[in-house]
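Subject: The structure you asked about

Hi,

Here is the structure to open on your side. Have a look at it first, and then read on for what turned up.

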Amino acid sequence: MIKYLGHSALELKIAASNILIDPFISGNPFAVAKADDYSPSHIILSHAHGDHIGDTYEIAKRTGALVISNFEIANHFAAQGLNIHPMGIGGSYTFPFGKLSFTPAWHSSSFDDGSYGGMPMGIVLEIEGKRIYHAGDTALFSDMILIGAKSIDLAFLPIGDNFTMGSDDALEALRFLKPKRVVPIHYNTFDLIKQDPYEFKEKVEANTSTSCIVMQAGDSIDL
Ligand code: NI
Ligand code: MN
């Protein structure tokens with residue numbers, strides 16, 4: 001089960017694991033619950049920006065969740081006493097929930113105080129025989145062809161424009177990734193990233209063989 005928490009945040013319930021990706025909860029106008037309501041076993045972070053790190057510290061401090069991210073973000077949280085698992089772009093590791101790999105993303109990754117947050121990343125999860133790609137914050141880039149070389153069941157792509165690719169480039173990304181299903185993310189949270197996800201859905205379904213699922217915060221889908 002995968003629940004969309006608004007912006008780029010997801011909650012995945014996989015057997016005994018409960019995973020949060022980019023848990024931006026308390027500052028998120030679409031939040032459907034409080035940060036205190038989540039009890040993850042794992043938190044996966046794509047990059048250090050505040051709208052992705054979100055409530056990681058508070059949630060992981062309370063629950064002991066393992067924080068998985070790049071070397072710099074992992075060490076930032078280790079210094080604050082959290083349990084961490086550092087990884088690098090292109091690396092994979094098999095966790096109890098399945099195999100996680102980090103991909104490149106074209107973006108930046110500083111913490112709110114300006115300190116260095118390593119390289120931004122996308123996330124590939126191989127879970128229960130399905131392959132999921134969460135692009136993080138990124139521009140369109142042609143190496144998405146490599147990510148799509150093995151079939152993708154479900155992709156989460158930013159469409160908000162301004163800080164990431166917009167809907168036209170996300171449509172182009174689908175030609176590289178060829179996922180069975182796509183969910184648009186990272187839009188309408190702030191004034192600078194206003195987009196109509198239904199317009200995107202129409203374009204996707206008129207131009208590709210991917211089906212587009214517009215999720216409202218709180219909606220869930222099966223893998
Ligand atoms: Ni960002
Ligand atoms: Mn962002």
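A quick word on terms before the pocket comes up: helices (at least four residues) and strands (at least two) are DSSP runs, numbered from the N terminus. Please keep in mind that this is a predicted model.

Let me start with the metals. Four residues coordinate the manganese ion (ligand 2): Asp51 and Asp137 through OD, His52 and His186 through NE2, at 2.1 to 2.2 Å. Along the chain, these donors follow the spacing D-H-x84-D-x48-H. Asp137 has a further role, as Asp137 bridges the manganese ion (ligand 2) and the nickel ion (ligand 1). The two ions lie 3.1 Å apart.

Are the neighbours Asp51 and His52 buried or exposed? Asp51 counts as buried because its relative accessibility is 14%, and buried means under 20%. His52 is buried too, with a relative accessible area of 0%.

Now to the pocket. The largest pocket holds about 210 Å³ of space. It is lined by 15 residues, and the closest to its centre are Ser101, Phe102, Thr103, Arg131 and Ile147. Which elements each supply at least two residues of that lining? They are β8 (98-104), β9 (121-127) and α4 (144-147). β8 gives the largest share, with five residues. By class, the lining is made up of six nonpolar, five charged and four polar residues.

Happy browsing, and best wishes!

Notes:
Residues numbered from 1 in each chain as written. Chains lettered and ligands numbered in written order. Predicted model: local features only at pLDDT ≥ 70, side-chain atom pairs only at ≥ 80, totals over all residues. Heavy atoms only, no water. Donors = N, O, S within 2.8 Å, 3.2 Å for Na, K, Ca; no water. Buried < 20%, exposed > 50% of the residue type's maximum accessible area, 1.4 Å probe, protein only. 1 Å grid on protein atoms, 1.4 Å probe; cavity = no way out; pocket = protein on both sides within 12 Å on 5 of 7 lines; lining within 4 Å. Points joined across faces, edges and corners; volume = space filled by probe spheres on them. Nonpolar A, V, L, I, M, F, W, Y, C, P; charged D, E, K, R; others polar.
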